[in-house]
Amino acid sequence: LTEVAGTPTEQKLRHLIAMSVPNQPRDLENANGDAVFLSDVNWTEAETGWGSPTRNLYCISRNVRDAVFLEMANQFYSKGLYAHAPSRYVFRLDRKWETFEAVGGLQSGAASIGSAVFIVKADGRECYRSPLLSGSTTVDIRVDVSGVDTLELLTESGKDGNASCWSIWGNPRVGR
């Protein structure tokens with residue numbers, strides 16, 4: 001690693017090493033500290049429009065061989081949720097958190113026909129909707145979740161069908 005120290009390659013190598021050791025997600029209700037990445041905790045429900053709900057890695061399949069890492073606009077994210085539209089992730093907050101933050105966008109390399117809209121719901125009420133995102137466009141998301149029991153992270157396809165709607169929630173976290 002000394003030859004690649006401090007480079008994006010080193011970040012990715014360290015991430016692969018960390019991901020090779022099984023790490024069970026923990027319950028959010030038992031989380032300590034001021035902030036927690038949602039990709040490191042259990043969700044109560046999760047579904048994606050293609051592939052399987054996946055944390056901290058791009059959905060790996062025999063059909064997709066050129067992506068393992070979560071990357072948007074050529075920026076690597078070691079923490080995140082693969083969320084091919086339409087997708088839905090649900091987390092139980094139990095009124096213990098104040099903010100939700102993430103970066104939304106499409107996986108680098110998505111075909112130009114891919115697009116998505118990122119939606120945040122708090123206790124069933126929509127409190128954030130992104131513009132239609134495509135290409136390398138990303139959006140910073142910050143939502144007040146004070147007093148919220150259930151947080152839903154959704155993506156919708158921006159066009160007819162969901163071809164290449166390779167949505168990613170980068171660094172999704174809640175804070176106190």
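**Cores, strands and cysteines in a predicted model**

Q: Which residues have the most contacts inside the largest nonpolar core?
A: This model is predicted. Its largest nonpolar core has 31 residues. Those with the most contacts inside this core are Phe100, Leu153 and Trp169.

Q: Which strand supplies the largest share of this core?
A: Strands β7 (87–92), β8, β9 (115–122), β12, β13 (150–157) and β14 (167–175) each supply at least two residues of the core. The largest share is 4 residues. That share comes from β9.

Q: How many residues are in the other core that lies apart from it?
A: Another core lies apart from the 31-residue one. Among its members are Tyr58, Met72, Tyr77 and Val103. Its count is 8 residues.

Q: Which side chains of strand β12 point to one face and are buried?
A: Side chains alternate along β12, residues 138–144. Thr138, Asp140, Arg142 and Asp144 point to one face and are not buried. Pointing to the other face, and buried, are Val139, Ile141 and Val143.

Q: What is the bridge partner of Ala102 in β12?
A: Strand β8 (residues 99–106) pairs with β12 in the antiparallel sense. The pairing runs over 7 bridges. In β12, the partner of Ala102 is Ile141.

Q: Is Cys165 buried or exposed?
A: Cys127 is partly exposed, at a relative accessible area of 29%. Cys165 has 1% relative accessibility. The cut-off for burial is under 20%, so Cys165 counts as buried.

Q: How many disulfides does the model have?
A: A disulfide is a covalent bond between the sulfur atoms of two cysteines. The cut-off for such a sulfur pair is within 2.5 Å. By this rule the count is 0.

Technical notes. Residues numbered from 1 in each chain as written. Predicted model: local features only at pLDDT ≥ 70, side-chain atom pairs only at ≥ 80, totals over all residues. Heavy atoms only, no water. Buried < 20%, exposed > 50% of the residue type's maximum accessible area, 1.4 Å probe, protein only. Pairing = 2+ DSSP bridges. Core = buried A, V, L, I, M, F, W, Y, C linked by side-chain atoms within 4.5 Å.
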